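Here's a walk through a two-chain protein, one piece at a time. Have the sequence and the 3D view open, and follow along as we go.

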Amino acid sequence: MRFAIPLGIFILMVGLLGYGLNLDPKKVPSPLIDKAAPTFSLAKLHAPQQQISNSDLLGQVWVLNVWASWCVACRAEHEWVTRLAQMNLAKVFGLNYKDKPDDAKNWLRQWGDPYSASLKDEDGRVGIDWGVYGVPETFIVDKKGIIRYKFIGPINQGTLNSEIVPLLRELSG
Amino acid sequence: MLRLLTLCLLLYTMPLQAVIETYEFESAQMEAEYYKLINELRCLVCQNQNLSGSNADLAKDLRKQTYEMLNQGKTPDQVVQYMVDRYGDFVLYRPRVKKGTLLLWFGPFALLVLVLWLVIRVMRKKQILVPPDADALQRAQQLLSDNQEKQ
């Protein structure tokens, strides 16, 4: 009985620290969730004379996948971005973040281009507005132009099946 | 010895020079604001560094953004708000006092008070803090004066 309180405190601390250890410090909650998507107007990578702005995309659910040719993890998630685009649940746009257009085009030629369009963000301004700090990142925007989801890091089969696809189905329905 | 000291000094200055790009400021006040801001904003790529200490690409961009906003006449608070709107409270090395951060700000003090209270309680229980009663005092004085007489 003498040890009840210290033991209780000990168990509480272990629980708390254990929980803390299992959190991923790289995953910072975005303040943009459930807010209107930051405005942008960007040229398409493959057709620089054409611009896309977020008002063009109102009324549909869409995915923004931030990628760059210099980003190794983007290569890792590319297969799953491609699968996602092939499911035709929503249009997948690429935000080509701080990249050289020629490098980006080569990359897409080499690995395949799943994107409805890739938008050029050469100086990273739009990236800052979207709170991008680690490429790749994946956002889901609903029909009203509200950001509903953000994933930091490479997506994989798990995130696709358990989070992204169910949310896209729900939002499109 | 002098050579070693010189070497140490040289090695010390290197990382400082490696990071900071030079900006021209209109006023000393703006310069001070700039350095205060980049010291208090976190670089999200290398999370244990502030913007001034980080050489990450994003940190460079955000330093530039900070400089440009100050140059446009924005106040430091507006710059901080701009960063928080995009990256969340996590960018602040000095978190704001609000409902979600109360525990962070005042938790340690609460813990201190709690521990002090516990310590006092335990000491009282074990009679460490209880003042000696009159009898005991008198006996102590008696013993002391006896001792003096013997000497």
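## The largest pocket

How do the residues of the lining of the largest pocket divide into nonpolar, polar and charged? There are ten nonpolar residues, three charged ones and no polar ones. Keep in mind that this is a predicted model. The pocket itself has a volume of about 490 Å³.

In all, 13 residues line this pocket, and those nearest its centre are Ile5(A), Ile9(A), Leu114(B), Val115(B) and Leu118(B). Two helices, one from each chain, supply at least two lining residues each: helix 1 (4-21) of chain A and helix 5 (102-125) of chain B. The biggest share comes from helix 5 of chain B, which puts seven residues into the lining.

## Where the chains meet

Now for the contact between the two chains. On the chain B side 17 residues are involved, and they touch 16 residues of chain A. Together the two chains bury about 1300 Å², with carbon and sulfur atoms giving 48% of that area. If you want names to look up, try Gln47(B), Arg86(B) and Tyr87(B): these supply 37% of what chain B buries against chain A, more than any other three residues.

## A cavity with residues from both chains

There's also one cavity of 30 Å³ or more, and its volume is about 30 Å³. Arg86(B) and Tyr87(B) turn up again here, lining the cavity along with Leu44(B). From chain A, the lining takes in Val28(A), Pro29(A), Ser30(A), Pro31(A), Gly131(A), Tyr133(A) and Lys150(A). By type, that lining has six nonpolar, two polar and two charged residues.

## Chain A and its sheet

Chain A has five helices and seven strands. Reading from the N terminus, its elements go α-β-β-β-α-β-α-β-α-β-β-α. The C-alpha trace spans about 75 × 35 × 30 Å along its principal axes.

Five of the strands of chain A make an open sheet with mixed pairing, in the order 5-4-3-6-7. Why is one side of strand 5 (117-121) and of strand 7 (147-152) of chain A left without a neighbour in the sheet? Both stand at the edges, so each has a single partner strand. From one strand to the next, the twist averages 20 degrees.

At one of those edges, strand 5 of chain A pairs with strand 4 (residues 91-97) of chain A in the parallel sense, over five bridges. You can pick out the partners by eye: Tyr97(A) has Asp121(A), in strand 5 of chain A, as its bridge partner. Elsewhere, helix 5 (residues 157-172) of chain A lies across strand 3 (62-67), strand 6 (137-141) and strand 7 of chain A. Its angle to strand 7 of chain A is about 165 degrees.

## Two backbone oddities

Most residues other than glycine have a negative phi, and most peptide bonds are trans. Chain A has a spot that goes against each habit. The peptide bond joining Val135(A) and Pro136(A) is cis, with omega at about 0 degrees. Pro136(A) sits in the loop between helix 4 (125-129) and strand 6 of chain A.

Then there's Asp34(A), which isn't a glycine but has a positive phi of about 65 degrees. Look for Asp34(A) in the loop between helix 1 and strand 1 (41-43) of chain A.

Technical notes:
Residues are numbered from 1 along each chain as its sequence is written. Chains are lettered from A and ligands numbered from 1 in the order in which they are written. This is a predicted model: local features need pLDDT of at least 70, side-chain atom pairs count only at pLDDT 80 or more; totals for chains, interfaces and linings use all residues. Side-chain values use heavy atoms; hydrogens and water are left out. On a 1 Å grid over the protein atoms alone, a cavity is a set of points where a 1.4 Å probe fits but cannot get out, and a pocket is an open set with protein on both sides within 12 Å along at least five of seven lines; lining residues have an atom within 4 Å of a point. Grid points are joined across faces, edges and corners, and a volume is the space filled by probe spheres set on the points. Helices (H or I, at least four residues) and strands (E, at least two) are DSSP runs, numbered from the N terminus. Ala, Val, Leu, Ile, Met, Phe, Trp, Tyr, Cys and Pro count as nonpolar, Asp, Glu, Lys and Arg as charged, and the others, Gly among them, as polar. Two strands pair if DSSP finds at least two bridges between them. Axes are lines fitted to C-alpha atoms, for helices over the stretch in contact, and angles run from 0 to 180 degrees between N-to-C directions. Contact means heavy atoms within 4.5 Å. Buried area is the accessible area (1.4 Å probe) that two parts lose on being put together, summed over both.
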